[in-house]
Amino acid sequence: TKLRAGDTRFGSLELEIVDVGLLGEDGVPVVQIASGDSLHIEIVFSAPEPVPSPIFSVAIAREDRQVVCAVNTTAGALVLPTLHGQGRVVLHLWRLDLVGGKYYVNVGAHERNWAYTYDYHSRVYPIIVARTKGKEGMVLPPHEWELEYPERMEA
């Protein structure tokens, strides 16, 4: 999917998201991961004029647009300084415990009080989580089954 103003992209562009990378554990770009793998989302930005303490956000949504994960730099206790010029922020998701399917990683840059959006990319960066047999829902937490069963049943 390409960036299209008013469709997959909107914002004032005072701070522009110029590139987004979806990276695996080894830092190599990925299009598919297994449930439970890490995912690192690299957002390269450009601010031609100083932008005081912007907020960056990442939301992961299913194909039906249901958001399954949404985080931002304020919730992650990363207060950014005034940004001027080019740089990058990286979100490290150490475990992405989603059931198999196609998802989109939506990224945004917002005014420091959430008053408006500088740049937002929606449904542009797909990521496939490999199919998981016999699993439903949205989240696949780390889990293990255990059976406690007497060798002989008492009548």
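Two residues are in contact when heavy atoms of theirs lie within 4.5 Å. The model described here is predicted.

**Phenylalanine 56 and the core**

Apart from its neighbours within four places in sequence, phenylalanine 56 is in contact with Leu15, Ile43, Phe45, Val71, Asn72, Thr73, Leu80, Leu83, Val89, Gly108 and Ala109. Phenylalanine 56 is also listed, with Leu15, Ile41, Val105 and Val107, among the residues with the most contacts inside the largest nonpolar core. That core has 32 residues. Two or more residues come from each of strand 2 (16-23), strand 4, strand 5, strand 7 (83-93), strand 8 (101-110) and strand 9 (117-129). Strand 4 gives the most, with six residues. As background, nonpolar side chains in soluble globular proteins tend to be buried together.

**Aromatic pairs**

The count of aromatic pairs comes to three. One of them is formed by phenylalanine 45 and phenylalanine 56, with 5.4 Å centre to centre and 40° between the planes, and is classed as tilted. This pair links distant parts of the chain: phenylalanine 45 belongs to strand 4 (residues 39-51) and phenylalanine 56 to strand 5 (residues 55-62), eleven residues apart. Both phenylalanine 45 and phenylalanine 56 are buried.

Another pair is made by tyrosine 116 and tyrosine 118. Their ring centres are 5.4 Å apart and their planes stand at 85°, so this pair is edge-to-face; the class applies to planes over 60 degrees apart. Tyrosine 116 has a relative accessible area of 37% and is therefore partly exposed. Tyrosine 118, at 4%, is buried, because buried means under 20% relative accessible area.

**Salt bridges**

The structure holds six salt bridges, including the three tabulated here.

| Residues | N to O distance |
|---|---|
| Arginine 4 and aspartate 7 | 2.4 Å |
| Arginine 9 and glutamate 16 | 3.1 Å |
| Arginine 62 and aspartate 64 | 2.7 Å |

For the bridge between arginine 4 and aspartate 7, both partners are partly exposed: arginine 4 has a relative accessible area of 43%, and aspartate 7 has 45% relative accessibility. In the bridge between arginine 9 and glutamate 16, arginine 9 is buried, with a relative accessible area of 16%, whereas glutamate 16 is partly exposed, with 29%. Salt bridges with shared partners join Arg9, Glu16 and Asp119 into one network. Arginine 62, the partner of aspartate 64, counts as partly exposed at 25% relative accessibility.

**The largest pocket**

The largest pocket has a volume of about 210 Å³. It is lined by 14 residues, and the closest to its centre are Asn72, Thr73, Leu78, Val90 and Leu91. At least two lining residues come from each of strand 4, strand 5, strand 6 (67-72) and strand 7. Strand 4, strand 5 and strand 7 are also among the elements that give two or more residues to the largest nonpolar core. Asn72 and Thr73, listed among the residues closest to the pocket centre, are in contact with phenylalanine 56.

Technical notes
Residues numbered from 1 in each chain as written. Predicted model: local features only at pLDDT ≥ 70, side-chain atom pairs only at ≥ 80, totals over all residues. Heavy atoms only, no water. Phe/Tyr/Trp six-rings, centres within 6.5 Å; stacked < 30°, edge-to-face > 60°. Helix = DSSP H or I, 4+ residues; strand = E, 2+ residues; numbered from the N terminus. Buried < 20%, exposed > 50% of the residue type's maximum accessible area, 1.4 Å probe, protein only. Salt bridge = Lys/Arg side-chain N within 4 Å of Asp/Glu carboxyl O. Core = buried A, V, L, I, M, F, W, Y, C linked by side-chain atoms within 4.5 Å. 1 Å grid on protein atoms, 1.4 Å probe; cavity = no way out; pocket = protein on both sides within 12 Å on 5 of 7 lines; lining within 4 Å. Points joined across faces, edges and corners; volume = space filled by probe spheres on them.
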